[in-house]
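Biologist: Please take a close look at the aromatic side chains of this model, and tell me how their rings are arranged.

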Amino acid sequence: MAKVAVLDEQLAGKTPAAKEILVLLLPLLLLFVLLRCRGRGRGRKRLPPSPPALPLIGHVHLVGALPHVSLRYLAEQYGGEHGFMMLRLGVVPTLVASSTHAAQAVLRTHDQSFASRPRSVCGDVLAYGPSDVGLAPYGERWRLAKKLATTHLLSSKKVNSYRAAREEEEEETAEQDGRSTTMDPFLGQVALVIKKISGAAETRTVVDMSELLSNFIRDMVSRAVTGRSFRVEGKDRVFKELIDEGMALLAGFNMENFYPGLATAAGGVLMRPVRRKAERARDRWDRILDKLIDEHTQEEYRLTRQGIKEILVNMFSAGTDTAYLVLEFAMAELMLHPEAMAKIQHEVRNSIPKDQNTINEDNLIGMKYLKAVIKETLRLHPPSPLLLPHFSIEDCDVESFEFPAGTTVLINVWAIGRDPKVWDAPEEFMPERFIENGEIKGADFRGKDFQLLPFGSGRRMCPGMNFALASIEIMLANIVYHFDWELPKGVDKIDMTEVSGLTVSRKEKLLLVPVLRYCAPTKRLGPLSRKMNI
Ligand code: HEM
């Protein structure tokens with residue numbers, strides 16, 4: 001007992017012997033700690049460079065209204081040769097990859113480690129879980145949902161089969177209009193748009209191309225996903241509202257994404273308003289989708305009702321506000337570059353037999369300039385310039401860097417598409433860069449070449465690419481084939497100012513005046529116009 005008391009006193013430094021020992025040991029202890037720290041630092045990998053951060057908010061103040069633009073300028077200062085930059089957005093460690101090399105490391109070399117998605121309150125509510133495709137964490141449920149979307153809804157075979165779906169719909173509407181239903185089966189959806197534009201052309205009226213093109217894509221997606229047209233059923237406006245609302249709620253740079261703790265802090269009270277908003281939107285989706293599912297055979301894919309809803313909402317949201325933006329940006333760039341417009345019109349107008357009045361998918365195969373215009377548009381204006389955020393599920397060593405599990409990853413494909421080390425005259429719209437000896441050349445945009453990644457690459461790559469390209473090509477070819485285009489009176493320039501949400505769009509609507517290609521409408525569209533009663 002006494003021995004223990006002495007030991008306690010010595011340890012507490014109350015005896016003279018203990019004091020002496022401590023004075024002797026202290027420098028040795030300090031030396032030991034110092035050496036240990038240095039030894040650790042030498043063997044240990046580091047994080048990529050970062051700009052100076054502020055307390056609490058980290059680097060949030062450096063991310064402007066157009067995050068892809070501000071992140072590009074930051075990466076030029078701090079990203080170094082490798083193109084990796086580390087930010088702290090609120091409390092969230094965020095890796096920004098801004099070079100071909102960095103994108104390849106994340107999306108190919110270490111694809112699996114970075115294949116998840118960060119979670120959010122809105123994402124969880126709107127995506128029913130989330131266990132949809134786009135927002136789901138990497139894992140078995142995501143794999144199944146993606147397989148279903150890829151093989152059952154968006155495969156090349158399915159994309160081809162939508163030609164028939166378009167035919168049915170045209171027949172449906174033609175019958176409603178009391179017209180003949182013997183028109184070219186391919187022309188359904190496209191012909192409806194051409195018909196609308198023809199009406200405006202005859203009276204020289206301004207056409208809101210943004211609305212027209214987004215309605216077209218929305219309708220194509222609803223046909224592909226549900227087998228029916230929301231426009232024909234008059235639900236188009238509700239559908240548009242829901243997609244817009246969902247996109248606004250999910251748009252990346254909001255408070256919860258910087259401070260995920262807000263979702264649970266004080267019983268989630270801080271996030272309650274936004275959760276309610278998301279729940280209201282989800283309930284509206286529910287009502288539409290429930291009815292839709294009731295009318296379909298649910299056994300088809302052996303999915304629960306909720307499982308079907310997750311996938312449907314995802315397809316609508318991911319498919320609509322991306323493909324139409326490409327069409328709109330392509331038209332805007334062509335208006336800004338009359339020489340490119342002349343070339344594409346020359347190609348489409350000379351690529352089809354004289355007795356054919358409208359362009360079909362078979363004609364598209366030879367249209368190299370059209371494909372180059374779309375590719376150049378995707379390079380300069382990828383609708384998702386930072387892809388969707390990726391999320392690391394394990395610690396991962398990438399070259400000399402070490403990224404901890406739980407890192408959010410943004411891949412700035414917009415910056416990569418404009419990197420002067422990769423592209424000549426990167427800011428110029430030059431479709432010719434993709435043509436050599438009359439053939440399409442240069443970087444592939446289907447996820448193989450990391451300098452052009454509008455659809456991403458690897459496990460989380462877009463499954464809707466073929467579907468989107470089929471719709472974009474056929475519509476662009478037909479609108480430049482049938483009409484010449486002018487700016488409205490008093491407008492002398494197309495404003496390319498962008499606004500950012502989950503996707504990046506032009507701030508202003510694209511308003512254009514179509515001009516009939518030939519004087520007489522029947523001559524202009526020939527049998528097509530007669531069939532359509534134009
Ligand atoms: C030009 C049109 C389109 C573009 C540029 C585009 C682009 C993208 C991008 C960049 C991603 C994220 C890739 C990543 O995070 O690595 C994505 C994901 C996705 N896209 Fe698209 N997309 C388009 C059209 C479509 C269409 C038409 C659909 C369906 C109807 C669709 C369905 C999806 C889905 C479900 C995902 C989530 C994939 C996953 O997380 O595994 N997309 N898309």
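Modeller: A residue counts as buried when its relative accessible area is under 20%, and in this predicted model Tyr138, at 16% relative accessibility, therefore counts as buried. Trp142 is likewise buried, because its relative accessibility is 5%. Ring pairing is judged by centres within 6.5 Å, with planes over 60 degrees apart taken as edge-to-face and those under 30 degrees as stacked, the rest being tilted; by this rule there are 8 aromatic pairs. One of them joins Phe84 and Phe401, whose ring centres lie 5.8 Å apart with the planes at 80°, so that this pair is edge-to-face. The contact bridges distant parts of the chain, since Phe84 belongs to strand β1 (residues 84-89) and Phe401 to strand β6 (residues 401-403), 317 residues apart. Phe84 and Phe401 are both buried. For Tyr138 and Trp142, the centres are 5.3 Å apart and the planes meet at 45°, so the pair is tilted. Beyond single pairs, Phe84, Phe401, Phe114 and Phe403 are joined into a cluster by ring pairs.

An aromatic ring also takes part in a contact of another kind, in which the charged end of Arg379 sits over the ring of Trp423, 5.3 Å from its centre. As for the ligand, its iron atom has a single donor from the protein, namely the SG atom of Cys462, at 2.3 Å. Cys462 itself is found in the loop between β9 (439-440) and α18 (465-482).

Key. Residues numbered from 1 in each chain as written. Predicted model: local features only at pLDDT ≥ 70, side-chain atom pairs only at ≥ 80, totals over all residues. Heavy atoms only, no water. Phe/Tyr/Trp six-rings, centres within 6.5 Å; stacked < 30°, edge-to-face > 60°. Helix = DSSP H or I, 4+ residues; strand = E, 2+ residues; numbered from the N terminus. Buried < 20%, exposed > 50% of the residue type's maximum accessible area, 1.4 Å probe, protein only. Lys NZ or Arg CZ within 6 Å of the ring centre and 35° of its normal. Donors = N, O, S within 2.8 Å, 3.2 Å for Na, K, Ca; no water.
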